[in-house]
2 protein chains.
Amino acid sequence: MFWKEKETEKNKMEEKQVIDWLKVHCLPKDVRVKTGIGDDSAVVDYDSKSYLLFTNDAVVENVHFKLKTATFEQIGRKALAVNISDIAAMGGIPVWALVSLGLQEKRASVFKEIYRGILEMANLFKVDIIGGNLSRSHTFFVDIFLAGIVEKKNLVLRSTAKPEDILFVTGTLGGAQKEKQFRFLPRVKEARAIIEHTKPSAMIDLSDGLASDARKLAEASGCGFEIEVSQIPISIDASRKNRISSALYDGEDYELLFAVAKDSETKIPERIGDLKITKIGRLTERKTFLLKYPDGKKIRISKEKFRHFS
Amino acid sequence: MFWKEKETEKNKMEEKQVIDWLKVHCLPKDVRVKTGIGDDSAVVDYDSKSYLLFTNDAVVENVHFKLKTATFEQIGRKALAVNISDIAAMGGIPVWALVSLGLQEKRASVFKEIYRGILEMANLFKVDIIGGNLSRSHTFFVDIFLAGIVEKKNLVLRSTAKPEDILFVTGTLGGAQKEKQFRFLPRVKEARAIIEHTKPSAMIDLSDGLASDARKLAEASGCGFEIEVSQIPISIDASRKNRISSALYDGEDYELLFAVAKDSETKIPERIGDLKITKIGRLTERKTFLLKYPDGKKIRISKEKFRHFS
């Protein structure tokens, strides 16, 4: 959840440096904290059978949306949905949210429209809005803090996969920045259905694009990956110019990428309800990030691709 | 915690309208939620003996600070401190925070300085930073979500005072926007010491100024108040031109205002450690907000005063 933004050359610290710095300087001292910075959500003791999950994501004007092309309702809806997606990626159920709005003074009256979007999503996923804040801000933002609950036995981290685990992805990828970013449904039910079939060894939600998020899962688990390009499920919304690049780098899909031990591979169904589940590759011991083409050629994803598109 | 900002005529919805709208539209459905929107923190079931508290407050460039007159370290420190103050006002102990930063790209490198301030405060109050987010944003903001824990028997709301309860305030008030806003220590220990002496019937932290926050406590409890002007403990930092107005309306004091049943009044000590505790007035059945002067004259605080200074 840290530093999800598109990086540019001007940023002297890369995402990984930021997270590594934070991991060292924000080492939790409270024994109730099971996982701090570095996963989709933080994990804290709740009761004997379950953990609390905490996540936070902001959507910011001119970075995540433009007011010319998105309604306040869409922005509110998305702001909660991206957080619900982070809870889904841990196997959890979202429960309580705090909503922090930054609005220009003259825009105070639009807050009902923002809330219409937030509450639509909240009602759909039975999330209670229990607090928050409203600040004046020249730049409009919606910053949501979401708590979730997950049974201890169902908790899935992104850091616990192993080499040779099989990678699966839900749904189809690419072109989500056109429309899907405002209408996607976070994969809460689907994540829990997958866990019932067989618990993934690791899971992450796809916010920055398959390539970038697969790298995060692989790196957190101390692995590399090999993705079979021909297997990537490409959305009809993907760019027609370069459909594979679109599916790999566009981002905003909010599908799930998960790993499963090789001997449990067959336990994963082809569909969960209407949602397609596709095997797209595997994790590798060698820490390289490879795309495998049908002719057998393997191409390493360049730093540039990660940096410019993730 | 909602709508703490200075209101202007341009804002068509007044703070109370916003909160009333939210209370109606965000009515918690989860039985674990004891108190949703409308207090310093939300209150949720934790274990048999304690509640979880959740609060959120943002500090935003050119609204809560100017980069010409505050260092990033000061801003980081304050951003966490104002949230700790909200937990203190419920009688709780802060435990876990998520930190959401909005920074211009070129400012990414200053994030260590912001964290220096946040971590200073976090270490002082044993708060773990367990997650958060970093976004690009044209307007710089630090938005913190803080969880706390309070023993059920120690929970103090702002809505449970009664007419004739006596009002007390910690410390001294006024002029805090000069320096104190960046160096104050939230009154966590002091709140808990007060509760040990006698549990207040209601408590609130003073962020918007004594007049405005006393009104919030009184209104939440269905009361009015009468504050004895001569009893207000005025800070040496208060404006020399009008010391009483400064103490009533400046804001940013982050002291505690609390109410105590009349028959428990004597249980409140004059000091907690080095911190002065001062009796400043009482709650009233009549829902008016009065200042009582030494000559016996009572003046109603005008809407203008509330609106322009709170």
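Mentor: Before we look at this predicted model, keep one convention in mind: a crossing is left-handed if the near helix is turned anticlockwise from the far one by less than a right angle, and right-handed if clockwise.

Trainee: OK, so in which hand does α2(B) pass α3(B)?

Mentor: The crossing of α2(B) past α3(B) is right-handed.

Trainee: And at what angle do those two helices pack?

Mentor: Helix α2 of chain B, residues 72–88, and helix α3 of chain B, residues 111–124, pack at about 40°, and their axes are 6 Å apart. Since angles under 35 degrees count as roughly parallel and 65 to 115 as roughly perpendicular, α2(B) is therefore oblique to α3(B).

Trainee: Which residues make the contact?

Mentor: On the α2(B) side they include F72(B), I75(B), A79(B) and L80(B), while α3(B) contributes, among them, I114(B), Y115(B), I118(B) and M121(B). By class, the residues in this contact of α2(B) with α3(B) are 10 nonpolar, 3 polar and 5 charged.

Trainee: Switching to chain A, what are its domains?

Mentor: The domain assignment splits chain A into domain 1, covering 15–153, and domain 2, covering 156–309. Their C-alpha centres lie 23 Å apart, and 20 residues of domain 1 of chain A are in contact with 20 residues of domain 2 of chain A.

Trainee: Which element gives the most to the domain 1 side?

Mentor: That is α2(A), with 9 residues on the side of domain 1 of chain A that touches domain 2 of chain A. On this side of domain 1, α2 (72–88) and β4 (93–103) of chain A each supply at least two residues, and the class breakdown there is 10 nonpolar, 5 polar and 5 charged residues.

Conventions
Residues are numbered from 1 along each chain as its sequence is written. Chains are lettered from A and ligands numbered from 1 in the order in which they are written. This is a predicted model: local features need pLDDT of at least 70, side-chain atom pairs count only at pLDDT 80 or more; totals for chains, interfaces and linings use all residues. Axes are lines fitted to C-alpha atoms, for helices over the stretch in contact, and angles run from 0 to 180 degrees between N-to-C directions. Helices (H or I, at least four residues) and strands (E, at least two) are DSSP runs, numbered from the N terminus. Angles under 35 degrees count as roughly parallel, over 145 as roughly antiparallel, 65 to 115 as roughly perpendicular and the rest as oblique. Two residues are in contact if their C-beta atoms, placed from the backbone, lie within 7 Å. Ala, Val, Leu, Ile, Met, Phe, Trp, Tyr, Cys and Pro count as nonpolar, Asp, Glu, Lys and Arg as charged, and the others, Gly among them, as polar. Domain bounds come from an automatic or database domain assignment.
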